[in-house]
Amino acid sequence: MTDQYAVIGQPIGHSKSPLIHGMFAEATGQDMAYRAIEGSRESFRAQLDEFRASGGRGMNITAPFKLDAFAYAGRRSERATLAGAANALKFENDVVYAENFDGVGLVRDVTHNLGCALKGKRILMLGAGGAARGALLPFLAEKPALLLIVNRTLSKSSQLVSEVRSDIPLTSSGYGDLAGQHFDLVFNATSASLSAELPPVPATVFANCELAYELAYGKGLTPFLRLARNAGVKRIADGVGMLAEQAAEAFAWWRGMRPDTRLVIEKLTVPLG
Ligand code: ATR
């Protein structure tokens, strides 16, 4: 029987996951079906129960259910636990496993697709919400020289930093403390770009910056990327590669083989302008 997979979110119409996993399945010859399910806040758990009961093997989870999916799972990976959120579930026998591949997908995109090492680099991450939480452990595993997390609401970034034990210098501060500081890599993990806003980051952080990366996908040249480009950053990128790589990680977790992401990235790339 064809193995069943799905992505659940609300709204779900915009999701690229069925297209991505359809391309992966075709390229690898896997006998699987992947569909989109419009989630309901009232009956999310019942929807998952029903999908599992009908033979579902795994799911991707998107907004606003990543926290609910984490709570639903019986076994959670370390990075899902730090994020407090799951973007992928696997159903095996009666066990529900939770994973969060957003951060590993991001690291894979930066190091492998963009050819930019994180090791020994000075990294600035803007934001301390779910996206930043997901990226934290995979970033630290690359052994950067330092990682600074900056957030509007200081208590959130200091809380996040306090939850992690790290040999790498890991600190938090406010946007006001960025004056005079330079970074090799700057990541925008805020949700500001979704409403075409600019986090209050001074352009001076980009002096000597080799890559400015917007975790959001499909928004073109966001105010953050425009600021970086105008400040002279040679390399700017959005989250299309991260989207493809997190999907490839989930696919590998479910199916035991990692698909190539090149065609998916080519198909989904939206020009940055
Ligand atoms: P996500 O899952 O996308 O990370 P989230 O958990 O709601 O979403 O977190 C949103 C992040 O974007 C937060 O760090 C938020 O900052 P606050 O914690 O201070 O609210 C940040 N954010 C959203 N809009 C922003 C803006 N206009 N400028 C700076 N930061 C912004």
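Tutor: Before we start, a strand here is a DSSP run of E covering at least two residues, and strands are numbered from the N terminus. The model in front of you is predicted.

Student: Okay, where does A196 sit in that numbering?

Tutor: A196 is in the loop between β10 and β11. Those neighbours cover residues 185-188 for β10 and residues 211-214 for β11.

Student: What makes A196 unusual?

Tutor: Most residues other than glycine have a negative phi. A196 isn't a glycine, yet its phi is positive, about 55°.

Student: How do you know that β10 and β11 pair?

Tutor: Two strands pair if DSSP finds at least two bridges between them. β10 and β11 have four bridges, so they count as paired, in the parallel sense. One of the bridges links V186 to its partner A212 in β11.

Student: Why is β9 called an edge strand?

Tutor: Take the order of its open sheet, β9-β8-β7-β10-β11-β12. β9 (170-173) pairs on one side only, and β12 (236-237) is the other edge strand.

Student: What is the order of the other open sheet of six strands, the one with mixed pairing?

Tutor: That one runs β2-β1-β3-β5-β6-β4. Inside it, β1 (residues 3-9) and β3 (residues 56-61) are parallel and share five bridges; the cut-off is two, so they pair. Q4, for instance, has G56 as its bridge partner in β3.

Student: Which residues does the cis peptide bond in front of P11 join?

Tutor: Q10 and P11, with omega at about 0°. P11 is in the loop between β1 and α1 (17-28). A second cis bond joins A63 and P64, again with omega about 0°. P64 lies in the loop between β3 and α3 (66-72). For background, most peptide bonds are trans.

Student: Now the ligand. How do you know that E197 makes a polar contact with it?

Tutor: The cut-off for a pair of N or O atoms is 3.5 Å. A side-chain N or O atom of E197 is 2.6 Å from a nitrogen atom of the ligand, so the pair qualifies. R152 passes too, because a polar side-chain atom of R152 lies 2.8 Å from a ligand oxygen. For K156, a side-chain N or O atom is also 2.8 Å from an oxygen of the ligand. The protein covers 73% of the 650 Å² of accessible area that the ligand has on its own.

Student: How many residues surround the ligand?

Tutor: There are 16, with N151, R152, T153, K156 and E197 the closest. By class, the shell has six nonpolar, seven polar and three charged residues.

Student: And which pocket holds the ligand?

Tutor: The largest one.

How values were computed: Residues numbered from 1 in each chain as written. Predicted model: local features only at pLDDT ≥ 70, side-chain atom pairs only at ≥ 80, totals over all residues. Heavy atoms only, no water. Near = heavy atom within 4 Å. Polar contact = N/O pair within 3.5 Å; in protein donor to acceptor, adjacent residues only side chain to side chain. Areas by Shrake-Rupley, 256 points an atom, 1.4 Å probe, with all protein chains shown as cover. 1 Å grid on protein atoms, 1.4 Å probe; cavity = no way out; pocket = protein on both sides within 12 Å on 5 of 7 lines; lining within 4 Å. Sits in = over half its atoms within 2 Å of the grid points. Nonpolar A, V, L, I, M, F, W, Y, C, P; charged D, E, K, R; others polar.
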